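Trainee: I would like to go through the labels on this model one by one. Please back each with its value.

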Amino acid sequence: MKQRLLFLGPPGAGKGTQAQRLAEQQGLLHLSTGDLLRAEVAAGTPLGQEAEAVMARGELVSDALVLAIVRSRLEQQAAAGGGGWLLDGFPRNVTQADALAHLLDELGQQIEQVVLMELDDAVLIERLLARGRADDNEQVIRHRLEVYRQQTAPLIAYYQDRGLLAPVEASGTVEAIGQRILTLLG
Ligand code: ADP
């Protein structure tokens with residue numbers, strides 16, 4: 001099975017849920033930049049303090065900051081002997097995608113597949129409101145969807161051009177979606 005994966009899709013599409021399941025099943029390193037940033041915020045680190053207000057507004061935190069987080073984790077894994085990974089919530093714009101390509105060149109690694117999870121806006125908003133995280137109020141959700149469309153959605157064409165994109169229908173049960181993803185990674 002393919003082992004170096006990106007999960008792409010709007011907030012609320014279920015990336016985190018599916019990424020965690022798949023990483024567990026397949027023994028992959030699961031790197032969620034959102035989770036890692038929230039851990040920094042909770043720990044009150046300088047990095048967390050820098051990120052907190054930006055996240056609460058639904059904007060993207062600085063490319064340098066998220067890139068530093070991802071770089072340190074991937075370098076650590078490579079130094080410990082390598083293995084598969086699943087990046088969830090990163091990259092989120094073309095600058096981050098270019099930086100990731102550069103980092104992977106350095107590590108002698110390659111993305112094997114980009115899983116695109118897509119869903120109607122109405123369903124996304126409903127799911128996010130039900131989740132109720134600190135940045136899940138309606139105004140911030142609408143802004144996050146806007147940021148996704150403007151900054152992250154261009155990555156669909158970016159990875160399609162590189163022959164890496166695999167879209168998956170993100171509606172149905174967690175199990176059904178998980179099975180679809182497994183099939184396309186076969
Ligand atoms: P969701 O996909 O539901 O929006 P995430 O947990 O992936 O949730 O991200 C939450 C917030 O963390 C984002 O709105 C953004 O502020 C910040 N964030 C996460 N990943 C990145 C990234 N790669 N670049 C910039 N900001 C990020």
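**Ligand shell and salt bridges**

Mentor: Start with the ligand. It has 19 residues around it, and Thr 33, Arg 38, Glu 59, Gly 89 and Gln 96 come nearest. Keep in mind that this is a predicted model.

Trainee: What makes Thr 33 a polar contact of the ligand?

Mentor: The cut-off is 3.5 Å between N or O atoms. An N or O atom in the Thr 33 side chain is 2.7 Å from a ligand nitrogen. That is within the limit, so the pair counts. Gly 89 qualifies through a backbone N or O atom, 3.0 Å from a nitrogen of the ligand. Arg 92 does so through its side chain, with an N or O atom 3.1 Å from a ligand nitrogen.

Trainee: How much of the ligand does the protein bury?

Mentor: The ligand alone exposes 540 Å², and the protein buries 96% of that. The space the ligand takes is the largest pocket.

Trainee: Which helix gives the most to the shell around the ligand?

Mentor: Helix H2, residues 33-43, with four residues.

Trainee: Now the charged pairs. Why is Arg 149 with Asp 121 called a salt bridge?

Mentor: The rule asks for a side-chain nitrogen of Lys or Arg within 4 Å of a carboxyl oxygen of Asp or Glu. Here N to O is 2.2 Å, so the pair passes. Arg 149 lies in helix H7 (residues 138-152) and Asp 121 in helix H6 (residues 121-131), so the bridge ties together parts 28 residues apart in sequence.

Trainee: Are those two residues buried or exposed?

Mentor: Neither label fits. Buried means under 20% and exposed means over 50%. Arg 149 has 40% and Asp 121 has 33%, so both count as partly exposed.

Trainee: How do you know that Glu 146 also pairs with Arg 149?

Mentor: Their closest N and O atoms are 3.6 Å apart, which is within 4 Å. The two residues sit three apart in helix H7, about one helical turn. Glu 146 is partly exposed at 35%.

Trainee: Why is Asp 135 called buried?

Mentor: Its relative accessible area is 10%, under the 20% cut-off, so the label holds. Asp 135 bridges to Arg 133 at 2.8 Å, N to O. Arg 133 is at 26%, so Arg 133 counts as partly exposed.

Trainee: Which residues form the network around that pair?

Mentor: Salt bridges link Arg 131, Arg 133, Asp 135, Asp 136 and Arg 144. By the same rule, the count comes to 11 salt bridges.

Technical notes
Residues are numbered from 1 along each chain as its sequence is written. This is a predicted model: local features need pLDDT of at least 70, side-chain atom pairs count only at pLDDT 80 or more; totals for chains, interfaces and linings use all residues. Side-chain values use heavy atoms; hydrogens and water are left out. Buried means under 20% relative accessible area, exposed over 50%, partly exposed in between (1.4 Å probe, protein chains only). A residue is near a molecule or strand if one of its heavy atoms lies within 4 Å of it. A polar contact is a pair of N or O atoms within 3.5 Å; within protein, one must be able to donate a hydrogen and the other to accept it, and residues adjacent in sequence count only if both atoms are side-chain atoms. Accessible areas come from the Shrake-Rupley method with a 1.4 Å probe; for residues, only the protein chains shown count as cover. On a 1 Å grid over the protein atoms alone, a cavity is a set of points where a 1.4 Å probe fits but cannot get out, and a pocket is an open set with protein on both sides within 12 Å along at least five of seven lines; lining residues have an atom within 4 Å of a point. A molecule sits in a cavity or pocket if more than half of its atoms lie within 2 Å of its grid points.
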